[in-house]
Amino acid sequence: MPIQKLEKIWHNGRLIPWDEATLHVMSHVVNYGSAVFEGVRCYQTQGGAAIFRAQEHAQRLLNSAKIYRIDLDYSAADMVAGMVELVRANRTAPCYIRPIVLRGYGEVGVNPLNSPVEVYICNYEWGKYLTTDEDQGVDVCVSSWTRIAPNTLPAIAKSAANYMNSQLIKMEALMNGYVEGIALDVNGYVSEGSGENLFIVRGGTLITAPLGNSVLPGITRDSVLQLARDRNLPIVEQMIPREMLYIADEVFFTGTAAEITPIRSVDKISVGKGTVGPITRALREDFYGIVRGTASDRYQWLTPVPVKQAVAV
Ligand SMILES: Cc1ncc(COP(=O)(O)O)c(C=O)c1O
């Protein structure tokens, strides 16, 4: 989906015109992928625009930066304030928010430490990601590409470089007529989608892979685990052999972009009855209840954005 530009972008603490947020081709990030970033959704709730789990996204950004020895001049609270300021200035909600910390134009060579750290926050309109038909699951495949192995590129950091692996997974899936690919980890256990965490349901138990299987600590994953606890569902974080995907009752993706997307087939083997299962449906309803403001925000997951004339898109 092409980006529709908005008015402003947040750069190192101040708002600049969208068209001025440019980089030199010899910036470190362009040559070596040296960036960490976030993807955040701002919803249009019944009570106005609100950013979903802004604090947790900001903290994950700081964690990613720390792993890569990037010194940030901004705290998590500063980043949350930046997101709010930007959404307010651009008067567009719902929207997707992309904070990004990168190594800019400084020295050439692999050593990143002498290139300046630049922090940007952008936002733009964005709708559904994997499907617009919420009542149909998506058809996915297991990728022939392995997810990045532990002690190579850290999966807990949301770094730009990790998405070269994601791109291979995504392109292969699309070329073969699937909506998304599921990557296995270096030992052959289920890891995650190119941009989503994965859950399965078997015999009423919700199962997801632990972080040790090269998965991003997804904020939607964490939210779904909380919502499942609220419903007293049995939850297990365990290594998932590939074939569990084929005999699961329900399988679904979670992610900021994907939200909660049911999967109806894996490698052309139908999941359960091929329809959206009851646990996926229940968790999705709980999730949408909170982000749409129809249920109480009992965990204070929403940061309101005081936009009087927030434009619903
Ligand atoms: C590789 C990967 N895994 C999982 C997720 C889901 O994480 P979250 O729910 O925080 O968006 C994402 C999306 O950010 C992702 O890119």
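# Ligand shell and fold

Q: How far is an oxygen atom of the ligand from an N or O atom in the side chain of Lys158?
A: The model is predicted, so local features need pLDDT of at least 70 and side-chain atom pairs count only at pLDDT 80 or more, while totals for chains, interfaces and linings use all residues. Residues are numbered from 1 along each chain as its sequence is written, and side-chain values use heavy atoms, with hydrogens and water left out. A polar contact is a pair of N or O atoms within 3.5 Å, and for Lys158 and the ligand oxygen the distance is 2.7 Å.

Q: How much of the ligand's own accessible area does the protein cover?
A: A polar side-chain atom of Tyr163 lies 2.4 Å from a ligand oxygen, and one of Glu192 lies 2.7 Å from a ligand nitrogen. Of the 380 Å² that the ligand has on its own (Shrake-Rupley method, 1.4 Å probe), the protein covers 96%.

Q: Which helix and which strand each supply at least two residues of the shell around the ligand?
A: The ligand is surrounded by 16 residues (a heavy atom within 4 Å), and Thr220 and Thr256 are among the closest. By class, the shell divides into three nonpolar, five charged and eight polar residues, Gly being counted as polar. The elements supplying at least two shell residues each (DSSP runs, at least four residues for a helix and two for a strand) are helix H5 (219-230) and strand E14 (250-255).

Q: What is the radius of gyration of the protein chain?
A: The chain holds seven helices and 17 strands. The globule rule (2.2 Å times the number of residues to the power 0.38, with the radius taken over C-alpha atoms) gives 20 Å for 313 residues, and the chain is as compact as a globular protein of that length because its own radius is close to this, at 19 Å.

Q: Which peptide bond is cis, with omega near 5 degrees?
A: The proline concerned, Pro94, is placed in the loop between helix H3 (76-90) and strand E6 (95-103). The cis bond runs from Ala93 to Pro94.

Q: What is phi of Asn232?
A: Asn232 is placed in the loop between H5 and strand E13 (235-237). In this residue other than glycine, phi is positive, near 55 degrees.

Terms used. A polar contact is a pair of N or O atoms within 3.5 Å; within protein, one must be able to donate a hydrogen and the other to accept it, and residues adjacent in sequence count only if both atoms are side-chain atoms.
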